[in-house]
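Please go through this model with me, from its sheet to its helices and loops. Have the sequence and the 3D view open.

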Amino acid sequence: MAARTRLQDIAAHSGVSTATVSRVLNGKEGVADSTRTAVLTAMDVLGYERPATMARPSRGVVGLVVPELGNPIFPAFAQAAVSQFGFHGYATILATQSAGGATEDEIVGTLLEHGVDGLCLVSGLHADLRAATARYDRLSARRLPFVTVNGHNPAVDAPSFTTDDRSAMDLAVRHLAAQGHRRVGLTVGPERFVPAARKIEGFRDAAGRHLGDPEPPVVSSLFSVEAGGAALPTLLDAGCTAVVCGSDLMALGVIRAARSAGLRVPEDLSVVAFDDSNHVAFSDPPPTTLRPP
């Protein structure tokens, strides 16, 4: 009876039949990867231990490098990557950078010393337009598989996965234009980083097409709460009635600064964020946000 209850619980949580759950538990073929993932996730959430027969033989270890954990988008990237590597039988070593700490090159060197079988680099130096790419040529020469995430650089010979920042800005500006805004500003991170540079390019193009504004105000600083707040006075002085932000953290800074200036959001100032990280829904009000896949 307990086993039957378990199957029913997992089936209800994952939205599949008990027969499908049984096939997953017994390692049967003919189950889609997405369905198998849903069942395994339901088991983990409900606290059911996976049977020993489901254990996958280890296929190796992947080094996952993210720039920081203070910005909630990077733990989200890490969680998604670790989950997928685990599903395919790979263990993961997570390494993070911090101001004044180990550099990306030092972290990668340490991971290589530990004999990792591959690397996943999130928002690394590959995304910095001023950084030399020879380090990645050396990785390729070692025949070590690696991928880059968030900041495609055509000079790096590796598979790359990144959001379409230009299209994202077009969505944001079109949304604000439909609400009647005619002067919209952008606050974003350093332009030397690919995601910021592409956001700026996309924003300017979209402002010209949807707002008839060929020179919209842009403030480039850091992807932080403080930077978002510091950018708002400049954008207000430029006549902006709406602000597009390069990250959720920047948007929270803009909202806080707007309130300090006696402005109501969204009545007096519209704010569009970027990332859709977990905590943004708990702000008051929660801003419209663009969600990268």
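This report covers a sheet, ring contacts, one helix and some backbone angles. The model is predicted.

**The open sheet**

Five strands form an open sheet in the order 2-1-3-4-5, with parallel pairing. Strand 2 (90–96) and strand 5 (160–161) are the edges, and each pairs on one side only. Further in, strand 3 (residues 118–122) pairs with strand 4 in the parallel sense, over four bridges. V122 stands opposite V149 of strand 4. Helix 5 (residues 104–113) lies across strand 1 (60–66), strand 2 and strand 3. This helix runs at about 160 degrees to strand 3.

**Ring contacts**

The structure holds two aromatic pairs. One of them joins Y136 and F146, and it is stacked. The ring centres are 6.1 Å apart, with 25 degrees between the planes. The stacking call follows because planes under 30 degrees apart count as stacked. Y136 belongs to helix 6 (residues 134–141) and F146 to strand 4 (residues 146–149). The two residues are 10 apart in the chain. Y136 counts as buried because its relative accessibility is 2%. F146 is buried too, at 6%.

A charge also meets a ring. The charged end of K199 sits over the ring of F274, 4.0 Å from its centre.

**Helix 10**

Does the length of helix 10 (residues 248–260) agree or disagree with its residue count? At 1.5 Å a residue, its 13 residues should span 18 Å. The end C-alpha atoms are 19 Å apart, so the length agrees.

Buried residues of helix 10 include D248, L249, M250 and A258. The buried residues of the helix pack against strand 6 (184–188), helix 9 (225–237), strand 8 (242–245), strand 9 (270–274) and strand 10 (288–290). G262 follows helix 10 and has a positive phi, near 85 degrees.

**Backbone angles in the loops**

Most residues other than glycine have a negative phi, and most peptide bonds are trans. Two residues in the table have a positive phi although neither is a glycine.

| Residue | Phi | Loop | Relative accessibility |
|---|---|---|---|
| S123 | about 50 degrees | between strand 3 and helix 6 | 18%, buried |
| D276 | about 55 degrees | between strand 9 and strand 10 | 29%, partly exposed |

S123 counts as buried because its 18% is under the 20% cut-off.

Which residues does a cis peptide bond join? V265 and P266 are joined this way, with omega about 10 degrees. P266 lies in the loop between helix 10 and strand 9.

Definitions and conventions. Residues numbered from 1 in each chain as written. Predicted model: local features only at pLDDT ≥ 70, side-chain atom pairs only at ≥ 80, totals over all residues. Heavy atoms only, no water. Phe/Tyr/Trp six-rings, centres within 6.5 Å; stacked < 30°, edge-to-face > 60°. Buried < 20%, exposed > 50% of the residue type's maximum accessible area, 1.4 Å probe, protein only. Lys NZ or Arg CZ within 6 Å of the ring centre and 35° of its normal. Expected span 1.5 Å × (residues − 1). Contact = heavy atoms within 4.5 Å. Pairing = 2+ DSSP bridges. Axes fitted to C-alpha atoms, helices over the stretch in contact; angles between N-to-C directions.
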